[in-house]
Amino acid sequence: MKVALSGSTGRMGQALQELIKNTKGFQVTAEAHGGCSPSSWNPKNLDGVIDFSLPPLFSETLSWCVTYKKPLVSGTTGLTAKQKKNLEQAAQKIPICYATNMSWGVWLVKNWIKTLSPPSSFQIVLEDIHHKGKKDQPSGTALSLKSSFSPSLKRKVKVISERRGREFGTHRIILRGEEEEILLQHKAFNRRVFAKGALRALKWLKGRPPGLYSIDSIYQSK
């Protein structure tokens, strides 16, 4: 499968480069980054696009994919309301998988969160810890995890974000009562886990009809 990487020189772009280089059946045939636009891509030499960039390049990439009818997997965070609307409109023409976190572990944690129903006396804290270079705070993953709580609990969730060192991503859900505490944690040891999810998503999208697919679709399928 011939893949274009948008945001190819970023941290996730580099992780994807390394993964694809060692994965049979995939190859990077085009890149976009600060000094290279998707407009230079040859659509005849591409089967799909993976985007982990910044909002401005995301918009260019999305537009290119719609023009040439190519499937898109994106994990770019910090999108504006207009960009999210454009994403939804684009999904009426091409298959898109958008997720703020593509690891299997985070997907599993989100499903567990949906089942939580602690007593009203319990505090609910969501800790979001990333490397000091991460721009969005709280992270897209933290916001996605918070949205997974039942509507009656969302307003009670306190989000605490920290940016330090080289953390790849740690998220903790803490249920704190007067006499006890419950801790649910997901910790990424590297970016390869996110890259694997993105590659799996692109493979799954190939041949699918237009639509905005969540990571649920990918991990629930066999």
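How much area does the chain expose, and what share of it do carbon and sulfur atoms supply?

**Figure 1. Surface and overall dimensions of the chain in this predicted model.** The chain exposes about 11,600 Å², and carbon and sulfur atoms supply 50% of that area. Taken along the principal axes, the box filled by the C-alpha atoms comes to roughly 60 × 35 × 35 Å. The radius of gyration is 18 Å, which agrees with the value near 17 Å that a compact globule would have with 222 residues.

**Figure 2. Secondary structure, burial and contacts of the chain.** The secondary structure comprises 8 helices and 10 strands, and of the 222 residues in the chain, 48% are buried. Among contacts with a separation of 6 or more, 70% are made by residues 24 or more positions apart.

**Figure 3. Charged side chains.** Positive side chains number 35 and negative side chains 16 in the chain, and the centres of these two sets lie 8 Å apart.

**Figure 4. Helix α7, residues 192-205.** The helix has 14 residues, which at 1.5 Å a residue should span 20 Å, and the distance of 20 Å between its end C-alpha atoms agrees with this expectation. The buried residues of α7 include Phe-194, Leu-199, Leu-202, Trp-204 and Leu-205, and Ala-195, Gly-197, Ala-198 and Ala-201 are buried in this helix as well. In an α-helix there are 3.6 residues a turn, so residues three or four places apart point the same way.

**Figure 5. The residue Gly-207, which follows α7.** After the helix α7 comes Gly-207, whose phi is positive, with a value near 85°.

Definitions and conventions. Residues are numbered from 1 along each chain as its sequence is written. This is a predicted model: local features need pLDDT of at least 70, side-chain atom pairs count only at pLDDT 80 or more; totals for chains, interfaces and linings use all residues. Side-chain values use heavy atoms; hydrogens and water are left out. Helices (H or I, at least four residues) and strands (E, at least two) are DSSP runs, numbered from the N terminus. The radius of gyration is taken over C-alpha atoms; the globule rule is 2.2 Å times the number of residues to the power 0.38. Buried means under 20% relative accessible area, exposed over 50%, partly exposed in between (1.4 Å probe, protein chains only). Contact means heavy atoms within 4.5 Å. Accessible areas come from the Shrake-Rupley method with a 1.4 Å probe; for residues, only the protein chains shown count as cover. Lys and Arg count as positive and Asp and Glu as negative; His and the chain ends are not counted. The place of a charge is taken as NZ of Lys, CZ of Arg, CG of Asp or CD of Glu. The expected span of a helix is 1.5 Å times one less than its number of residues.
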